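Hi,

Here is the structure I said I would pass on. Have a look at it first, and then read on for what turned up.

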Amino acid sequence: KQETKDFLENIYTGFGIDECSMVKDIEKTTNHDVKSVEYYIKEKIKDHPVNIYREYIHFALTSQDINSVCYVIQIKYYIQKTFAPIMFELLSSISTLMKKSKTVVMLSRTHGQPATPTHLRKELMVFHEKLYGQLETLIIKKYKTKFFLSLVKQSNFLSKNLSKLSDETVKIVCCAAVILSGMIFDEKLSV
């Protein structure tokens, strides 16, 4: 249902400083970062009908599975939202400098020793191209992580509990198993 989807999305889209403080307070008791997030989510859903699925929040996932994905998402987000814009600004400044330095001659250096005369514009162009190429590689890169979870956990759970689960629960668990097995089959998750 859309209402349930909106409710669940609001848990992370509405996550701010106050929510972070709540998680840190829980962590003081658990001494475990991922467990504290799990308990925070359970607390957020306790008065919602989706609460019947609370025990599946961390189902068949290790803390490393969670942290590995989070680290990769953080790196990707930083590169795309912070680092790349700064680098594009730098590239723009270098381009401006290239236009202004058409006639500036300089002495090039090879292995720290004076070499032949060159134009500052040419050297800036070479630097610009190298920097742009590296930045482009970072932006289009597929960031990968790995799940260490075992589908055996899910298979065992399903085989022992299939008759006890509602149709909706079976669908959710089976969908998760299919999605995660696809990620495991590829061995790496691309973000």
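To start with a question: which residues in H1 meet which residues in H3? On the H1 side they are Phe7, Leu8 and Ile11, and on the H3 side Tyr40, Ile41, Lys44 and Ile45. By class, that contact of H1 with H3 has six nonpolar residues, no polar ones and one charged. Before going further, please keep in mind that this is a predicted model.

**The overall picture**

The protein has 191 residues, and 26% of them count as buried. Its secondary structure comes to seven helices and four strands. If you follow the sequence from the start, the order is α-α-α-α-β-β-α-β-α-α-β. Take the contacts in the protein with a separation of 6 or more: 63% of them are between residues 24 or more positions apart.

**H1, H2 and H3**

Back to that pair of helices. Two packed helices are described by the angle between their axes and the distance between the axes. H1 covers residues 2–13 and H3 covers residues 33–45; their axes come within 11 Å and cross at roughly 135°. H1 and H3 are therefore oblique to each other, and their crossing is right-handed.

H3 also packs with H2. Here the axes come within 8 Å, and the crossing angle is roughly 120°. So H2 and H3 are oblique to each other too, and H2 passes H3 in a right-handed crossing. From H2, the contact takes in Glu19, Met22, Val23, Ile26, Glu27 and Thr30, while H3 brings Asp33, Lys35, Ser36, Val37, Tyr39 and Tyr40. Sorted by class, the residues of this contact are six nonpolar, two polar and four charged. Tyr40 is worth finding on your screen, as this H3 residue is in the contact with H2 and also meets H1.

How far apart are the end C-alpha atoms of H2? They are 20 Å apart, which agrees with what its 14 residues (17–30) should span at 1.5 Å a residue, namely 20 Å.

**Two residues with positive phi**

Just after H2 comes Asn31, with a positive phi near 55°. Most residues other than glycine have a negative phi, and most peptide bonds are trans, which is why I picked this one out. Asn31 lies in the loop between H2 and H3. Its relative accessible area is 67%, so Asn31 is exposed.

His111 is another case: its phi is positive, about 55°, although it is not a glycine. You will find His111 in the loop between strand S1 (105–110) and strand S2 (113–119). This residue counts as exposed because its relative accessibility is 78%.

**His48, back against H1**

Is His48 buried or exposed? With a relative accessible area of 12%, it is buried. His48 is found in the loop between H3 and helix H4 (63–100). Leaving aside its neighbours within four places in sequence, it is in contact with Glu3, Thr4 and Phe7. Thr4 is 44 residues away from His48 along the chain, but their C-alpha atoms are separated by 8.6 Å. Phe7 is thus a residue to click on twice, since it touches His48 and is also one of the H1 residues that meet H3.

**H4 and H5**

The other helix pair I looked at is H4 with helix H5 (residues 120–140), which pack at an angle of about 165° with their axes 10 Å apart. That makes H4 roughly antiparallel to H5, and the crossing is left-handed. The contact has a long list of residues: among them are Ile79, Phe83, Met87, Leu91 and Ile94 of H4, and Leu124, Phe127, His128, Leu131 and Leu135 of H5. By class, it has 18 nonpolar, three polar and one charged residues.

Lys99 also has its place in H4. Its relative accessibility is 63%, so Lys99 counts as exposed. Lys99 and Leu124 are 25 residues apart in sequence, and 10.0 Å apart in space from C-alpha to C-alpha. Leu124 itself is one of the H5 residues in the contact with H4.

That is the tour for now. Happy to go through it with you on screen.

Best wishes

Conventions
Residues numbered from 1 in each chain as written. Predicted model: local features only at pLDDT ≥ 70, side-chain atom pairs only at ≥ 80, totals over all residues. Heavy atoms only, no water. Axes fitted to C-alpha atoms, helices over the stretch in contact; angles between N-to-C directions. Parallel < 35°, antiparallel > 145°, perpendicular 65-115°, else oblique. Left-handed = near helix turned anticlockwise from the far one by under 90°. Contact = heavy atoms within 4.5 Å. Nonpolar A, V, L, I, M, F, W, Y, C, P; charged D, E, K, R; others polar. Expected span 1.5 Å × (residues − 1). Buried < 20%, exposed > 50% of the residue type's maximum accessible area, 1.4 Å probe, protein only.
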